[in-house]
Amino acid sequence: MTFQEFTSLYQYAALQAGVSGAVLRRYQMFSEEVYGEALPILVDSIITALKMSPNKTFYDLGSGLGNVCLQFSCCTGCKSIGVEIRKELHEYAIHMAETMKTVLSKTHKKMGEVQFHNVCCSHYA
């Protein structure tokens with residue numbers, strides 16, 4: 001799947017998921033907890049450079065809304081594992097992964113396994 005196809009399907013899935021504007025409004029770019037957002041075209045370049053394939057695993061530390069993991073799994077079939085400290089972003093990512101699976105099943109497209117984990121760093125200090 002190309003990044004353009006992914007972007008279209010992701011936007012459709014977000015509409016189907018009834019994305020909460022309240023969660024997104026609390027997601028402040030370049031804040032203490034958020035360092036930026038990777039656009040699909042950049043992620044596509046990373047996928048190409050890493051030569052990702054279905055037998056590989058991609059890890060995203062600070063996975064936020066989960067878009068990067070979803071793009072890796074949708075576009076390559078690889079397994080993606082996202083780790084996020086903010087519970088509301090973690091929950092959003094899980095909801096979007098479930099919605100993407102539903103959307104993809106209607107288009108007969110598949111994606112690799114996606115896992116999202118909510119981890120609080122203070123538990124490991």
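Contact here means heavy atoms within 4.5 Å, and helices (H or I, at least four residues) and strands (E, at least two) are DSSP runs numbered from the N terminus. You are looking at a predicted model, in which local features need pLDDT of at least 70 and side-chain atom pairs count only at pLDDT 80 or more, while totals for chains, interfaces and linings use all residues. Residues are numbered from 1 along each chain as its sequence is written, and side-chain values use heavy atoms, with hydrogens and water left out.

**Stop 1: the whole chain**

Start with a cartoon view of everything. The protein chain has five helices and three strands, and along the sequence they follow the pattern α-α-α-β-α-β-α-β. Now colour by accessibility: of the 125 residues, 40% count as buried (buried is under 20% relative accessible area, exposed over 50%, partly exposed in between, with a 1.4 Å probe and protein chains only). If you draw a contact map, take the contacts between residues at least 6 apart in sequence: 70% of these join residues at least 24 apart.

**Stop 2: helix 1 against helix 4**

Two packed helices are described by the angle between their axes and the distance between the axes. Select residues 3-17, which are helix 1, and residues 67-76, which are helix 4. Their axes come within 10 Å and cross at roughly 125°; axes are lines fitted to C-alpha atoms, for helices over the stretch in contact, and angles run from 0 to 180 degrees between N-to-C directions. Helix 1 and helix 4 are therefore oblique to each other (under 35 degrees counts as roughly parallel, over 145 as roughly antiparallel, 65 to 115 as roughly perpendicular and the rest as oblique). The crossing of helix 1 and helix 4 is right-handed: a crossing is left-handed if the near helix is turned anticlockwise from the far one by less than a right angle, and right-handed if clockwise.

Which residues of helix 1 meet helix 4? Show F3, F6 and Y10 as sticks, then add their partners N67, L70, Q71, C74 and C75 in helix 4. By class, this contact has six nonpolar, two polar and no charged residues (Ala, Val, Leu, Ile, Met, Phe, Trp, Tyr, Cys and Pro are nonpolar, Asp, Glu, Lys and Arg charged, and the others, Gly among them, polar).

Zoom in on N67 in helix 4. N67 is buried, with a relative accessible area of 17%. Leaving out residues up to four places away in sequence, N67 touches F6, Y10 and E37.

**Stop 3: helix 1 against helix 5**

Keep helix 1 and add residues 87-107, helix 5. These two axes come within 9 Å and cross at roughly 115°. That makes helix 1 roughly perpendicular to helix 5. Their crossing is right-handed.

On the helix 1 side, pick F6, L9, Y10, Y12, A13, A14, Q16 and A17. They meet Y92, H95, M96, T99, M100, V103, L104 and T107 in helix 5. This contact has twelve nonpolar, four polar and no charged residues.

**Stop 4: the aromatic pairs**

How many aromatic pairs does a search of the whole structure find? There are two, where rings of Phe, Tyr and Trp (its six-membered ring) pair if their centres lie within 6.5 Å, and planes under 30 degrees apart count as stacked, over 60 as edge-to-face and the rest as tilted.

Select F6 and Y10: they form a tilted pair, 5.5 Å centre to centre with 35° between the planes. Both lie in helix 1, four residues apart, about one turn of the helix. F6 counts as buried at 2% relative accessibility, and Y10 is buried too, at 11%.

Next, select F58 and F72: the ring centres are 3.7 Å apart and the planes at 5°, so the pair is stacked. This pair links distant parts of the chain, with F58 in strand 1 (residues 57-61) and F72 in helix 4, 14 residues apart. Both F58 and F72 are buried.

**Stop 5: around helix 4**

Finish with helix 4 as a surface. Ten of its ten residues are buried, so helix 4 is largely enclosed by the rest of the structure. What covers them includes helix 1, helix 3, strand 1, strand 2 (79-84), helix 5 and strand 3 (114-118). Just after helix 4, check G77, which takes a positive phi of about 80°.

For a last selection, try K51, in the loop between helix 3 (40-50) and strand 1. K51 is exposed, with a relative accessible area of 62%. The C-alpha atoms of K51 and T76 are separated by 9.2 Å, with the two residues 25 apart along the chain.
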